[in-house]
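Biologist: I am new to this structure. Could you show me how to read it, one feature at a time?

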Amino acid sequence: MKARVHVMLKNGVLDPQGEAVRHALGALGFDGVNGVRQGKVIELDLAEGTTEAEVTAMCEKLLANTVIESYSVELA
């Protein structure tokens, strides 16, 4: 079983990496980009029988800093 975890900074949290990407895109002539939020994707190869609750616990304890980040889980 596989899981994909998408982790993003919560709205209202400054995103300096996203701002750097937005600035670089402007410098390359892509002026239509008003904002960029940067995140990360974590792909997990899980043992059969692993539950969504276990993946959520992994996110809460290690994979995301839930004070400043939100996450979503896709199971495949």
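Biologist: Let us take strand pairing. In which sense do β1 and β2 pair, and over how many bridges?

Modeller: This is a predicted model, so read each feature as part of a prediction. β1 and β2 pair in the antiparallel sense, over seven bridges. For one position to look at, take Met8, which stands opposite Gly39 in β2.

Biologist: Which strand is joined to β1 by seven bridges and runs antiparallel to it?

Modeller: That is β3, residues 69-75. Find Ala3 in β1: its bridge partner in β3 is Leu75.

Biologist: Which residues of β1 are on its covered face, and which on its uncovered one?

Modeller: Ala3, Val5, Val7 and Leu9 form the covered face. Lys2, Arg4, His6 and Met8 form the uncovered face.

Biologist: What should I look for in a core?

Modeller: Start with the general idea. In soluble globular proteins, nonpolar side chains tend to be buried together. Here the largest nonpolar core has 10 residues. Among them are Ala3, Val5 and Val7, together with Ile42, Leu44 and Cys59. At least two core residues come from each of β1 (2-9), β2 (39-45) and α2 (52-63).

Biologist: Pick one core residue. What is Val7 in contact with, beyond its neighbours within four places in sequence?

Modeller: Val7 is in contact with Gly39, Lys40 and Ile42. Its list also includes Leu63, Ala64, Glu69, Ser70 and Tyr71.

Biologist: Now a loop residue. Where is Thr50, and is Thr50 buried or exposed?

Modeller: Thr50 is in the loop between β2 and α2. Burial is read from relative accessibility, and the cut-off for buried is under 20%. Thr50 has 15%, so Thr50 counts as buried.

Biologist: What does Thr50 touch?

Modeller: Leave out residues up to four places away in sequence, and Thr50 touches Met1, Val55 and Met58. There is also a polar atom of the Thr50 side chain 2.7 Å from the backbone oxygen of Ala47.

Biologist: Step back to the whole chain. What pattern does the protein follow along the sequence?

Modeller: The pattern is β-α-β-α-β. The radius of gyration is 16 Å, well over the 11 Å that the globule rule gives for 76 residues, so the protein is more spread out than a compact globule. The C-alpha trace spans about 50 × 25 × 15 Å along its principal axes.

Biologist: How much of the protein is buried?

Modeller: Buried residues make up 20% of the 76 residues. The protein exposes about 5,400 Å², and carbon and sulfur atoms supply 57% of that area.

Terms used
Residues numbered from 1 in each chain as written. Predicted model: local features only at pLDDT ≥ 70, side-chain atom pairs only at ≥ 80, totals over all residues. Heavy atoms only, no water. Core = buried A, V, L, I, M, F, W, Y, C linked by side-chain atoms within 4.5 Å. Buried < 20%, exposed > 50% of the residue type's maximum accessible area, 1.4 Å probe, protein only. Helix = DSSP H or I, 4+ residues; strand = E, 2+ residues; numbered from the N terminus. Contact = heavy atoms within 4.5 Å. Polar contact = N/O pair within 3.5 Å; in protein donor to acceptor, adjacent residues only side chain to side chain. Pairing = 2+ DSSP bridges. Rg over C-alpha atoms; globule rule 2.2 N^0.38 Å. Areas by Shrake-Rupley, 256 points an atom, 1.4 Å probe, with all protein chains shown as cover.
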